[in-house]
Amino acid sequence: MVARLKVSRTVFLASCLLFMTCGKAGGGALQNAPGTILETAPASETVTTPDTASSGSLQLFDAHAHQMTATYPAGWLESLFAEHDPSGITLLGIGNVLAHQMNYPTKVFAFSYFKVNELVLNSTVVLSDLDTDLSNGTQGIGEVSIHHFSAGGNPKKEYKFDESELIDVYERAKLNGVPVTFHYDYHDYDDDQDHHDDFESELGSTLPGYIDASGNPEVNFIWAHAGDAQPDELRPLLAKFDNLHIDISSRNPLESFEGRQVYAAYTKELQRLDEEDGTIKDSWKELFTDYADRVLYGSDIGPQGRLAQYGEIQEYYRGILAQLDPEVAEKIAYKNAQSLFLDLVVKGDINNDGDVDGEDFLIWQRNDGTSEGLTNLLNNYGTVTEPLTGASQVPEPSTLSLCALAAFTLWPTRRQRV
Ligand SMILES: [Zn+2]
Ligand SMILES: [Zn+2]
């Protein structure tokens with residue numbers, strides 16, 4: 001309690017100082033004074049510090065992870081944070097991933113998960129559940145398993161990217177300003193070449209509709225595992241669709257990823273990003289360099305054995321990224337994910353209830369404590385979001401209101417988590 005009070009008092013002083021500065025110099029002043037806050041941030045494992053791109057220390061934001069409720073032990077996420085310290089993690093299902101997001105509001109990003117088979121069979125119910133999830137604060141949709149031959153099942157997952165029920169899902173992503181992570185095997189299991197043209201036309205009928213008149217994405221689509229495609233297959237699609245991203249999860253030779261027979265001729269050599277001696281393949285290096293803003297690291301923990309290999313997964317990707325230009329490596333390792341996910345929080349609405357207020361501040365204080373999170377809150381205090389248009393209003397916060405808010409955090413009583 002003593003330590004917390006000390007932090008709160010420092011935060012209080014910093015807050016008032018910053019807002020008085022803000023009042024004099026205009027809204028932009030806050031952005032220029034992060035150093036003041038940085039010194040006051042409590043030392044905790046959640047503080048994000050920009051690392052160099054050396055393979056041992058490169059910060060990693062895991063943009064593709066699953067919670068397997070049936071097999072993961074209680075406290076699995078806490079253990080993972082303690083042992084491997086990803087700077088952020090998206091949880092693409094399963095189960096109550098929102099509870100984790102509430103515990104770590106600037107570190108865990110909960111996705112709404114559903115089965116496409118069920119969506120197509122019973123869209124009213126699935127879409128209504130999705131609406132509930134999104135209104136409760138999920139920050140992404142996925143993994144939407146659209147075309148997934150190795151998954152089997154009856155019927156097999158061989159839907160089209162532009163099924164009308166899926167368009168309903170993308171519309172919800174747009175309305176809520178969240179990205180969609182989708183699984184779509186680029187190759188059919190029998191490697192039917194005709195299928196590739198279908199996929200491109202399905203993307204063509206969909207993705208350009210989610211870019212606004214100024215050329216900004218209204219929905220960002222993340223193609224899981226880079227579609228298990230090769231760089232020369234990905235390149236024209238990335239060139240054509242500005243709101244298409246890829247994650248590089250599962251593209252490694254580790255034991256728990258063996259047996260991913262996504263199409264008949266798919267070997268471990270085609271799955272991995274490097275040669276057997278660990279040298280990144282030239283074709284991947286060139287693709288990552290050319291599309292550095294649209295590649296994301298992910299672990300794809302979920303299926304058997306992968307959680308136990310989390311450290312090895314990080315080590316593999318750090319080894320790959322260390323062979324890239326440091327700026328490119330940092331984007332892929334964490335910066336792209338930060339701008340896709342943390343920017344939702346940058347609006348400051350940590351509990352996603354439509355405004356940035358004292359509740360968000362309390363959650364930040366209890367569970368986050370990073371200077372980054374505080375800066376976001378201070379910059380956006382008083383913001384009222386309007387999800388229907390995606391626009392937001394940012395009324396000028398008064399010095400008094402923020403100081404009052406900061407003073408409130410000094411109050412040494414325990415309150416129910418909001
Ligand atoms: Zn997948
Ligand atoms: Zn996955």
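Tutor: A helix, in the sense used here, is a DSSP run of H or I with at least four residues, and helices are numbered from the N terminus. Glu-200 lies in such a helix, α8, which covers residues 194–204. The model is predicted.

Student: What makes Glu-200 count as partly exposed?

Tutor: Glu-200 has 16 C-beta neighbours inside 10 Å. A residue is buried at 20 or more and exposed at 12 or fewer, with partly exposed in between. The value 16 falls in between, so Glu-200 is partly exposed.

Student: Which C-alpha separation is given for Glu-200 and Leu-237?

Tutor: The two C-alpha atoms are separated by 7.4 Å, although Glu-200 and Leu-237 are 37 residues apart along the chain.

Student: Why is Glu-276 called buried or exposed?

Tutor: Glu-276 has 9 C-beta neighbours inside 10 Å. The cut-off for exposed is 12 or fewer, so Glu-276 counts as exposed. Its place is in the loop between α10 (268–271) and α11. The C-alpha atom of Glu-276 is 9.0 Å from that of Pro-253, and these residues are 23 apart along the chain.

Student: What is notable about phi of Asp-85?

Tutor: Asp-85 has a positive phi of about 45 degrees, and Asp-85 is not a glycine. Most residues other than glycine have a negative phi. Asp-85 is found in the loop between α3 and β2. With 13 C-beta neighbours inside 10 Å, Asp-85 is partly exposed, because 13 lies between the two cut-offs of 12 and 20.

Student: How do you know whether Ala-226 is buried or exposed?

Tutor: Ala-226 has 25 other C-beta atoms within 10 Å. The cut-off for buried is 20 or more, so Ala-226 is buried. Ala-226 also has a positive phi, near 50 degrees, and is found in the loop between β7 (221–223) and α9.

Student: Which peptide bonds are cis?

Tutor: Among them are the bond from Gly-93 to Ile-94, with omega near 5 degrees, and the bond from Gly-142 to Glu-143, with omega near 0 degrees. Most peptide bonds are trans. Ile-94 is in the loop between β2 (88–91) and α4 (97–103), whereas Glu-143 is in strand β4, residues 140–148.

Student: What makes α9 roughly parallel to α11?

Tutor: The axes of α9 (residues 231–240) and α11 (residues 282–290) come within 10 Å and cross at roughly 15 degrees. Angles under 35 degrees count as roughly parallel, so α9 is roughly parallel to α11. The crossing is left-handed.

Student: Which residues make the contact of α9 with α11?

Tutor: From α9 they are Pro-231, Asp-232, Leu-234 and Arg-235, and from α11 they are Ser-283, Trp-284 and Leu-287. By class, this contact has 4 nonpolar, 1 polar and 2 charged residues.

Student: Why are α3 and α12 called oblique to each other?

Tutor: Helix α3 (residues 76–84) and helix α12 (residues 310–321) pack at about 45 degrees, with their axes 10 Å apart. That angle is not under 35 and does not reach the 65 to 115 range for roughly perpendicular, so α3 and α12 are oblique. The crossing of α3 with α12 is right-handed. Leu-80, Glu-83 and His-84 of α3 meet Tyr-310, Gly-311 and Gln-314 of α12.

Student: How does the contact of α3 with α12 divide by class, and what makes Gly-311 polar here?

Tutor: The contact divides into 2 nonpolar, 3 polar and 1 charged. Gly-311 counts as polar because Gly is placed among the polar residues by definition.

Student: Which residues touch the most other members of the largest nonpolar core?

Tutor: They are Val-180, Trp-223, Tyr-297, Ile-332 and Ala-333, out of 73 residues in that core. Helix α13 (residues 326–346) gives the most to this core, 9 residues. Leaving aside neighbours within four places in sequence, Ile-332 is in contact with Phe-288, Ala-292, Val-295, Leu-296, Tyr-297 and Leu-321. A second, separate core has 8 residues, including Phe-361, Ile-363, Leu-374 and Tyr-381.

Student: How many helices and strands does the chain have?

Tutor: The chain has 16 helices and 11 strands. Of its 418 residues, 43% count as buried. Among contacts with a separation of 6 or more, 73% join residues 24 or more positions apart.

Note on methods. Residues numbered from 1 in each chain as written. Chains lettered and ligands numbered in written order. Predicted model: local features only at pLDDT ≥ 70, side-chain atom pairs only at ≥ 80, totals over all residues. Axes fitted to C-alpha atoms, helices over the stretch in contact; angles between N-to-C directions. Helix = DSSP H or I, 4+ residues; strand = E, 2+ residues; numbered from the N terminus. Parallel < 35°, antiparallel > 145°, perpendicular 65-115°, else oblique. Left-handed = near helix turned anticlockwise from the far one by under 90°. Contact = placed C-beta atoms within 7 Å. Core = buried A, V, L, I, M, F, W, Y, C linked by C-beta atoms within 7 Å.
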